[in-house]
Structures are given as C-alpha cells and as structure tokens.
Amino acid sequence: MANILVIGPHPDDQELGMGGTIARLAEQGHSVLLLDATNGEPTPHGTVETRQREAQEAAAILSPPGNPVRRTLLDLPNRFVTAMIDARHKIAGVIRAHQAQVLFVPYPEDAHPDHRAITRLAEDARFDAKLTGLSMPGDEGRPPVYPKWLFYYYATHLRIVPSPTFCIDIAPQLDRKMGAIRAYHSQFGVNPVNRPVVEWVRSQAVYFGSRIGTPAAEPFWSREPLGLGGLGELVR
C-alpha cells in the first residue's frame, strides 16, 4: 500500500477534481492525506470555522470503514499564495511527515493564481523533501523522501476541455464524491452562483466514464511516463 498526498489550494478543490479517486484509493487500503494549502476564506457565504467543519465532513464521507481519509491545513494566505521558499519548505515538511510516495496536485494551467502557485510549490517541494542534512518545518523528524509519482488532477478555472493522460473508474464512488462536494454547503448550497457546479462536475464524470467504457471516471495528466507491467488493467 502507498502513502498518498493530495494537495489542494483550497478546501473543496480535491473533492471537485478527484473526490471519487480519493475514495477509491482509500477503499483499496492506501493511506490518503489531504493537504489544504489555505483555509479558502473569505468567501461570500463562508467562514473559517464553517469551511473547516465542511472539509472534515467531506473527508469523512470519502472515508471507508477502518481507513479514514485524513486532512491537514497548511494555512497559507488565501488569495495571496506565492512561490516563496518558506511555503515550499512547509509543503516539503508535510511530504516528509506523511512519507508520501504519490503526489496529486492541480493541473498547472489555471485562471486562479493560487492554483498555479500551489502546483509550482508542490513540484519544487517534491525535490526539497529529498534533500539530506536539511530539516523541513513540520517534518516530524521523518527522513528525506522523494515521491515516485506526481500526477495532476483537473481543478481548473479555465474554460478548457481536459486532455488527460489517463482516467480512473469511479462509478462505485460517484455518489460519495457528490456527497463530499455537497458537504461544502457554504460554497455550493447557499451560494446561487455556484449551485450549478455540482451538476457540471457529475456530468464531467459521466462524460469521462464514457471515454473508458464505465459509468463515471475522473481525468488525470502526467508529465512523466507511466510504467506498466502489462496490459491487464487496460483491456476491458
């Protein structure tokens, strides 16, 4: 089983982009940690306390019995995230503390400056987490580690059509993904501007499922080549 770190600029980005995959990975026994880089506030109908409560509820919805999806907050300044070295080292500290073997981060093209900044920080933190003789804030004394895989999920604010490297079947997890998104009532319930987002996300999952022959799927992108031991998982 692998230690997996899913990094989101704001609470709800992970659920929107790959909530079904988070649930599936946890069901498979992997140790999944969600890192919220910022608290996501202020928003028109949210508060820091409300958003944190919603984030914990969403993680609980995605958790299978006996293997909870854990969540931690880095608390960088929302709307003011920049690729500074102190922020990079804080993320590197979380990578070490979790001994992450797999990282998921937002797709690098995005209209939201926080999203672009967090992705760049995470890419650089992946490297810094392996440096010997250098402690990182929050690393809990764990040794240097270099995550083998870095994958990108789509949390884009741009009006682009994803062109993924691969898709993960989330048909059994789709309802839990949607439940986790609805847990953010301050964002997608009371805010009329954002209410349609929930159905858009479901429709996208159905579309990408149709591309791989399943009822629902989530798309991912990779800069690095994927290694396969055979075609068994590709053939349906």
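The following paragraphs lead through the sheet of this predicted model, starting from strand β1 and moving outward.

Strand β1 covers residues 3-8, and five of its six residues are buried, which means that the strand is largely enclosed by the rest of the structure. Buried here stands for a relative accessible area under 20%.

On one side, β1 is joined by six bridges to strand β2, residues 31-38, and the two strands run parallel. Within this pairing, Gly8 of β1 has Asp36 as its bridge partner in β2. The chain passes from one strand to the other by way of helix α1, residues 13-27, and together β1, α1 and β2 form a β-α-β unit that is right-handed.

A further neighbour of β1 is strand β4, residues 102-106, which runs parallel to β1 and is joined to it by three bridges. Here the bridge partner of Val6 is Phe104, which lies in β4.

Continuing from β2, one comes to strand β3, which is parallel to β2 and connected with it by five bridges; in this pairing, Thr38 has Leu76 of β3 as its bridge partner.

These pairings belong to an open sheet of seven strands, whose order is β3-β2-β1-β4-β5-β7-β6 and whose pairing is mixed. At the edges of the sheet stand β3, residues 70-76, and β6, residues 166-169, each of which pairs on one side only. On average, and with direction ignored, neighbouring strands of this sheet are turned by 30° against each other.

Conventions:
Residues are numbered from 1 along each chain as its sequence is written. This is a predicted model: local features need pLDDT of at least 70, side-chain atom pairs count only at pLDDT 80 or more; totals for chains, interfaces and linings use all residues. Side-chain values use heavy atoms; hydrogens and water are left out. Buried means under 20% relative accessible area, exposed over 50%, partly exposed in between (1.4 Å probe, protein chains only). Helices (H or I, at least four residues) and strands (E, at least two) are DSSP runs, numbered from the N terminus. Two strands pair if DSSP finds at least two bridges between them. A crossover is right-handed if, with the strands pointing away from the viewer, the path from the first strand over the helix to the second runs clockwise. Axes are lines fitted to C-alpha atoms, for helices over the stretch in contact, and angles run from 0 to 180 degrees between N-to-C directions.
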